[in-house]
Amino acid sequence: MEKNDFEAIELGKGAVRVYDLGAARLHAYQTNDPLADEVFVVERGGRGFVIELPCFRDNIAELEAYVRGQDIAVEGIVAAYHMAGGSFMPGTPVYSTGEAEAYGHEGGGKALVDGFAAAFGEAFDASVAQVTNLVEEAELELAGVRMRLVRNADAFDLELPELGAAYLHMLGHDCHSIVAGPAHADAQIAQLQGLVEAGIDLILTSHYTPEDLKDARTKIAYLEELKRLAAASTTAEGFKAAVGARFPSYGGANYLDMTAGFFFV
C-alpha cells in the first residue's frame, strides 16, 4: 500500500483520504483544525470503529455526518491519546486502557485539554470521553479487525497486522514532535525500527496524514540527530537553535519548544 494511493473526498472543513487495504477500508479524516488532528475510521463489511476522537465541534458534526453517509455501523471508539470531544457519537462504546484513561482524565492529556479549552473557547469540546470498556489484554477486536495494543507510560499505540498498518501518536517526517528526553527518543527509535523490520506499509498518526516506511526511516535519522544535538548543547535555547539550523524547513516549532523543556529541565 502506497501512502498516496487513496481516494480524496473534500468535506466542508476537513477532508477524507480513503484507502483500500484489501481486507478493510481506511477513512483517514483530516480535520484541518488548529491542532492538525487526524481521526481514523476502519470499515470492514459495513461495520467499523474509530481511532481517536475529533475535538472541535464543527469537526464532530462533520465526521458524524460522513459516517452516516457512508452507512458505517460503528461498533466502538478506540481512545488512546485524544479523549477530548466527549460529545462525539454519543452512546458509542469507548475502548481504552487504564493508563490512557488516567492520562486523559487526570494526567498530562487532561492538562492539555484544559489549555486548549482556554485557548479556543466554545469551539473546542473540552468534555472528556467516558471509557466504557477497559482493555486489559494485549489484543482487541472490533468490526472483525484485530489490533495489538502497544502500551507506554501515557497511553498506547496500535498495530493492525491484517491491514499492514499501525497507529502512533506522532510521526511527521518533516515536522518536530514531542520527545521527552533521550530515553524517550531511544524508545521511539526502537518502535520505528520494529515497524520497518515488520514491513508495515501505512503508519497512521494523530497529527499528520498517513505515512510509510520511508517516513519512518527519516524520523529515525531525525531522532538520532536530536540526541546528538542535545548532547552537544548546554542550554535549551542553544539546543533549539541548533535543531532549527539543522532542520530549517520543519514545522511544529511548539513541539520543539516542549522537547527542549524535557531535555533541559
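## Two domains

The domain assignment, which is automatic or taken from a database, splits this protein into domain 1 (1-169) and domain 2 (172-264). Keep in mind that this is a predicted model, where local features need pLDDT of at least 70, side-chain atom pairs count only at pLDDT 80 or more, and totals for chains, interfaces and linings use all residues. Residues are numbered from 1 along each chain as its sequence is written, and side-chain values use heavy atoms, with hydrogens and water left out.

Taken over C-alpha atoms, the centres of domain 1 and domain 2 sit 23 Å apart.

## Where they meet

Counting contacts as heavy atoms within 4.5 Å, 24 residues of domain 1 touch 20 residues of domain 2. About 1900 Å² is buried between the two domains, with carbon and sulfur atoms giving 59% of that (buried area is the accessible area, 1.4 Å probe, that two parts lose on being put together, summed over both). On the domain 1 side, K3, A166 and L168 lose the most area to domain 2, together 31% of what that side buries.

## Polar links and strands

K3 also forms a salt bridge with D215, the closest N and O atoms being 2.8 Å apart (a side-chain nitrogen of Lys or Arg within 4 Å of a carboxyl oxygen of Asp or Glu). The count between domain 1 and domain 2 is one such bridge.

Strands here are DSSP runs (E, at least two residues), numbered from the N terminus. β2 (15-20), β3 (25-30), β4 (38-44), β11 (156-160) and β12 (165-168) each bring at least two residues to the domain 1 side of the interface. The largest share, four residues, comes from β12.
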